[in-house]
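I opened the notebook to look up two things: one sheet, and how two chains relate. My entries follow the structure.

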Number of protein chains: 4
Amino acid sequence: MSSDSIHESCGVFGVFNNPRAAHLVYLGLYALQHRGQESSGIAVSDGNTVNIHKAMGLVGHVFKHQSTIENLKGHSAIGHNRYSTTGASTIENAQPILINCRAGQIAGAHNGNLINADSLRKRMVNDGSIFMSTTDTEVIMHLIARSKRETIEAMILDALSGVEGAYSVVFLASDTLYGARDPRGIRPLILGKNSEGSFFLSSETCAFDLSGAQMIREIEPGEMVRIDKRGIVSYRIPVFEPEIRPAHCVFEFIYFSRPDSFVFGSNVDKIRRKFGRQLAIDFPVKDADLVMGVPDSATTAALGFSEQSGIRFDIGLIRNHYVGRTFIHPGQSGRDFGTRIKFNPVKGVLKGKKVVIVDDSIVRGTTMLKIIRLVKTAEPAQIHLRISSPPVMCPCFYGIDMPTESELIASNRNVEEIRQYLEVDSLGYLSVEGMQSVLPGPENFCTACFNGKYPMLEKNVEKEMVGGQF
Amino acid sequence: MSSDSIHESCGVFGVFNNPRAAHLVYLGLYALQHRGQESSGIAVSDGNTVNIHKAMGLVGHVFKHQSTIENLKGHSAIGHNRYSTTGASTIENAQPILINCRAGQIAGAHNGNLINADSLRKRMVNDGSIFMSTTDTEVIMHLIARSKRETIEAMILDALSGVEGAYSVVFLASDTLYGARDPRGIRPLILGKNSEGSFFLSSETCAFDLSGAQMIREIEPGEMVRIDKRGIVSYRIPVFEPEIRPAHCVFEFIYFSRPDSFVFGSNVDKIRRKFGRQLAIDFPVKDADLVMGVPDSATTAALGFSEQSGIRFDIGLIRNHYVGRTFIHPGQSGRDFGTRIKFNPVKGVLKGKKVVIVDDSIVRGTTMLKIIRLVKTAEPAQIHLRISSPPVMCPCFYGIDMPTESELIASNRNVEEIRQYLEVDSLGYLSVEGMQSVLPGPENFCTACFNGKYPMLEKNVEKEMVGGQF
Amino acid sequence: MSSDSIHESCGVFGVFNNPRAAHLVYLGLYALQHRGQESSGIAVSDGNTVNIHKAMGLVGHVFKHQSTIENLKGHSAIGHNRYSTTGASTIENAQPILINCRAGQIAGAHNGNLINADSLRKRMVNDGSIFMSTTDTEVIMHLIARSKRETIEAMILDALSGVEGAYSVVFLASDTLYGARDPRGIRPLILGKNSEGSFFLSSETCAFDLSGAQMIREIEPGEMVRIDKRGIVSYRIPVFEPEIRPAHCVFEFIYFSRPDSFVFGSNVDKIRRKFGRQLAIDFPVKDADLVMGVPDSATTAALGFSEQSGIRFDIGLIRNHYVGRTFIHPGQSGRDFGTRIKFNPVKGVLKGKKVVIVDDSIVRGTTMLKIIRLVKTAEPAQIHLRISSPPVMCPCFYGIDMPTESELIASNRNVEEIRQYLEVDSLGYLSVEGMQSVLPGPENFCTACFNGKYPMLEKNVEKEMVGGQF
Amino acid sequence: MSSDSIHESCGVFGVFNNPRAAHLVYLGLYALQHRGQESSGIAVSDGNTVNIHKAMGLVGHVFKHQSTIENLKGHSAIGHNRYSTTGASTIENAQPILINCRAGQIAGAHNGNLINADSLRKRMVNDGSIFMSTTDTEVIMHLIARSKRETIEAMILDALSGVEGAYSVVFLASDTLYGARDPRGIRPLILGKNSEGSFFLSSETCAFDLSGAQMIREIEPGEMVRIDKRGIVSYRIPVFEPEIRPAHCVFEFIYFSRPDSFVFGSNVDKIRRKFGRQLAIDFPVKDADLVMGVPDSATTAALGFSEQSGIRFDIGLIRNHYVGRTFIHPGQSGRDFGTRIKFNPVKGVLKGKKVVIVDDSIVRGTTMLKIIRLVKTAEPAQIHLRISSPPVMCPCFYGIDMPTESELIASNRNVEEIRQYLEVDSLGYLSVEGMQSVLPGPENFCTACFNGKYPMLEKNVEKEMVGGQF
């Protein structure tokens, strides 16, 4: 994606029964780094005590000292990479969150976004609870602590039955690892195992590979698993609604997940490539010289477009991967260094050419415009922009950090107006129908950001939205 | 390149006449980060005093505090990214090197490798000089300080006339910027200018773009330029040898330079792509399903191979760009985490496919083997390895950090033996002739690492090699 | 004190109505650094939002960047220096603790120790509360959040009416500062004001001086003050017990408070000096050459002993103030570097002399022995040890971190046995009666650690102690 | 001393033949921390290679990681604490300085100040040498490297014979430790030994104690010792002057050395105390209530004054030892926080009293005035200031960092005028004669800063001063 405007919330990872549990979580978080770069943390249990280390920054920064990992002794561990969805970038919001409660120590890490977090929070605060972070995770931890059930698993199930929204969560108690996924299965969560008999939970399968783990299966929508010495037991999260169908977030295929991951029953790479193929069918470009993607996320869709159209794929933008979070803007200049330092156009490839640029999505449009202008410094003859997802018109309530509706370029302008704004020769978006034709079981995906069809019960939405929660 | 075994020494950058000189060098060093990640530094002159900041680590780390750049006040500056060629990773070896000498303060930064550095050093040490680093740069600075000439430019010319080998150097005195390139033009050095009238010197043109600078021309082999308020003056470095022809390092095209740079009179991208095309002509693969490059450096050559062969280009390996220098190896495991954490194969792309893998070079072969084995975990039907440079058989004396001859896989095994070692179905290297057919003016390139034809005078090489300098 | 075995818990400081509130708290914490060196933190309110910064380490370390203080904008602030009483040295236990609750944001900082914290904690945990630290402060914050009262002040009073033990606390809400002190007045808390109309709360008066503040009065035992724009209002903390008399901790006079502070109605320096005078009356040393104190805490008592006895005061031990928290023990040696690096005997003063050493207390006796042996390396003729407090025989439940009874040397040995253990020529402790003769209103002081007369209601103690809380 | 205006340059320490050599140097530097707080470093030799670690900051900061010391492996080591005498606070000036020269690796560390450093430097620079620091130490290292002598010891002697001024230096070569002291013996340097057969060199004896070392003797003025496996050999530094008599810096007794050290043949404590006694004889105060010193340096002299006068010694100012180098000034206030945060007056001691304050010296007078005003906030009845050294009237060329003559209060005002400036009731300085009556062999001490009688050859001084070196 060209834009900094959509952010996935988080990546979660868990290991049970391995003498190097914290090490393996560390490797898993490395592979999930693309899901969150704000803070990182690992909680580990030695069978008695749960210890934790977390800090702001990338995994490699948070765990830069060998001794930090070595001090996290134990056979089970969970970890978390966070990208703030709520704006508050503080250490208090870093995860996992470790609590002491009636059931002892429990650490929790969460990927997703609850739509009734604010009302739950308000209710509990009125009832005397104190909150130290602004995370949804802390809301879940409070619900667990307040449950009157007898066992930790019943307490967790009790808690999850009261929350509404997207969650893929992992919990660590002294001798048990838990994983759960909301009834709509909005975010992915995968179960794995390695040859040593260790079990794994991960937001994506790409994080299994470094541990030599194999995917067993996805955690089902609405399922909680308890993993302890006796093995894996599956629970169904109690739901008090008539019927719930899956509503997988299609943005996992469009952008979030790494192409080498398997989520929602498919290889990400394959679906993403088909989006590109379909885009080439829907909005072909005649006589173009080359197809390029905005690196790195749109490369796969661009390859699909190239395959389908027969137009040569090429690398027209170089991405500088050394640009970290600490780039210092050199002051008074009006130039957009944020985009320029990250990308550089390849003149030898672009000059005088009729170019198809594929990107995965457009949110505000401002960054896209900067990239187009940057590409133009290499003097291509024409630029044809193709987007491998439909126009983003509605905000997301399930864990994607998006601008408000008024800032979404596609909610205010039609395609031709956007084309003019972006100063390109032509513009084509993958249609919602085109996208759905590629998805396996399209009825099981949430496409609300494209068409406003939110997969939650109507009365809930109404109630909450009237309540001004969003 | 798949391997950590060849390292370019350095990137240099200079700015003259800009109120934000240190800022612009900072941006330039960001763009040259691929040429050296060990240490980084900037020296700046305010017309009277030269100040410096340097430290171990990436540019973004060394200059992470806004105040560091802000405190480097002045209108002229030079900067340097270093990758150690001599093994000593210490702050003493970080550059620029700032000295106080008869001519006042001079800072110098150097890309290249001198072949008579050791004998010069020994001679000066015997004569009472003290050395605080193990860099060739300090040797040059000593030669400058010891020159009896009257002006700084004469002192620098005097110094450079005594060194033998590869150098692209920039120097900063209180009110003057200098740039020089060895008579063989082994490493690149480019002169640029922006619309504000500021002048630039850079190892590659890609570093000009962030400052809005345009290339004027390359510094000529054997040329030194002096840039001050009066403009640019060109000098010829005195040479005491009968004839010297250019000997540009072909590895700049194969691997070192960024594809969006222009060096040695050509776009890197274009030459690199032609290497891939020629490779496809010399060693075609019948009925292959896809061509992939080892990311990121071999991608351009792989695109050339794809174009020529008509075999579809694809992304079969994902590179994790978040892996930094501080990765902690998780202990006792025998697994090769260095390669695994950096790359992940895309099963959806590779499984069951007849795959052509293009890489730019093989040095030791050990990393290549790890990558092949990693790719095999995705179960391709066949692997055909193609290398877009000839077999590396001889060590380099000009600034590339290579293993000794006995460690070079191609100096000990023929191609079939290497194929067996690498466990691939076929292996093809670009031939020296094929490579030269692509180069503009092939007689102007050094190909010694492929065929042992070192471009220096025979007697010198002999003398030095007998003397055991290497 | 010679020993690391008794630690005060904390220092607290608050400012209301000053544009540089965080700055002034920073200065106050500097002056209170002796009360806690483990962690430090400041919370500040700008009238709407309460922000916080806290970290492990000394004040000067936690707030080493100018920008940290500058970013804490607001007119009211509280701060805290912590010395762990419960052993857990983690950032989670650093204070102030900032919560979101029904009444909004409240930050709290606490000096003291609650005797019913564990049972309150257990009760609330059973009722569904979650705890993230092991501090008593978090217990108080939970009680506030759970109160059903209408106003913040009523909620705080409600909370405090339920806790038992020692507390001097400050709270910061968006536009109000609160200070409260337990009904026994065990720890000090002082109210001050400066000429600009800003109000201050501090554990000791010595912290007022840097802000140019003057003491108004001590917060009364059992009093809470609310400070807002309308002024200061005083409340009485509800108590459900027949009668409570003051029980000021005499160790504030013996060791904790700085000699230039005024606490419990007296100048610390004056009382501490009288302890030394009384000691010289009770246990004189004939014909001694000099009196010295163990620096720095026992110097004042030693001066008192010198005045009374007419024996010359001298400096026999130099203390190295550069020894920080990060001293690295040089490995295998059996030597006690902890004591040796901190103190060095002055041979020129001690050699051949009959020396009186005054220290303020003995806890375990192990450090005292190391000091005696260190002094002996300077070859004094005789050592007469005098302790300006009675033998410590019983553990403290009110906020002093003491060893268990079995580790207290005075609970296991009589004075002659201690003298032999410490290898000194004579040993004298200030008697309980001697100490009380010096105290103003001795019946208002807690002397439980000397005689086991705990100032809480008998049935409570019994109940809690039977309950195994300690 | 109350003032920040005089600074000793450095402390040096060396160890030969100990498996924990770097550890012992670390301990030694801790004890010498008072001689320099700007930077710290240790060089260690394992018999082949000399390695080094140095950084800005206190010893405890520079060596805060256990691994730093552990990585400094070897049996011989030297260390250095630096206080900048030349104003340039940069890592380049940190010591030891490690060079590669004709004789191999040599590390050097220096305490003192050369008076002909600038001319030597200029001469060598003209001859082609390069300088990377502004230290006198680098001048000495260059002289060593340039010597044509055969052995390292001859090269060092050759170098030292050419320098003029104050130096106590230690050098470390691969298998040898050297120590040398200038012919006037201006700074101290002591030789020690421990029971394990390790040898030690130190600026003061107080640094021996932590290693269990005993003083053998002082290095003689004009002596160099070479310590290697064969033992200790003594050399005389060649001098090309008619006669040189000792000129020990009397400020070592007045202020620099720790009272528990033995330097220049005497216990520092004893001499310093006699200064106080003599001061009480020369300028008694009638009917004073108490004598206090400005902590910590003037305490010993104050004790001497108290003994002689019979006036009670007391502690009237508390010094806050937690104030580090990173204190942040809280902005706009006009208050002098530098003094106020460091000292606090004890009202209980001072109020209404006739007080004698003893300090060791007055340089500019500005800090003294701040302290006097601070003491007055405690409302003493009278203040009688006594200074245990004569008025400082002339600058020092031998290593003490002093203001220029025009800034020295005593070179511009007589005692009565100073008294008025300092707003005290009376003022008395120790007379030069009084000071000399206390010194053992007063003719062997340099008193130039009090009377301008510089101990160097007249023509040299003239030549250099005319030359504008200072």
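Entry 1. How many bridges join β17(D) to strand β20 of chain D, and do they run parallel or antiparallel? I noted first that this is a predicted model. I found 4 bridges between β17(D) and β20(D), which covers residues 354–359. The two strands run parallel. I then looked up one facing pair: Met292(D) is opposite Ile357(D) of β20(D).

Entry 2. I traced the whole sheet next. It is open and has 4 strands in chain D, ordered β17-β20-β21-β22. The pairing is parallel. In general, strands of a sheet pair through backbone hydrogen bonds. I looked for the edges and found β17 (290–293) and β22 (426–429) of chain D. Each of these pairs on one side only. On average, neighbouring strands here are turned by 20° against each other, direction ignored.

Entry 3. Which helix packs on this sheet? I found α9 of chain D, residues 299–309. Helix α9(D) touches β17, β20 and β21 (382–387) of chain D. The direction of α9(D) makes about 160° with that of β17(D).

Entry 4. I turned to chains A and C. A turn of 180° and a shift of 0.1 Å along the axis lay chain C on chain A, with an RMSD of 0.0 Å. That is why I wrote down a two-fold axis for this relation. Which C-alpha of chain C is nearest the axis? It belongs to Ser129(C), 3.3 Å from the axis. I also checked the contact residues: 94% of those of chain C recur in chain A. The same surface serves both copies.

How values were computed: Residues numbered from 1 in each chain as written. Chains lettered and ligands numbered in written order. Predicted model: local features only at pLDDT ≥ 70, side-chain atom pairs only at ≥ 80, totals over all residues. Pairing = 2+ DSSP bridges. Axes fitted to C-alpha atoms, helices over the stretch in contact; angles between N-to-C directions. Contact = placed C-beta atoms within 7 Å. Least-squares fit on C-alpha atoms with pLDDT ≥ 70 in both.
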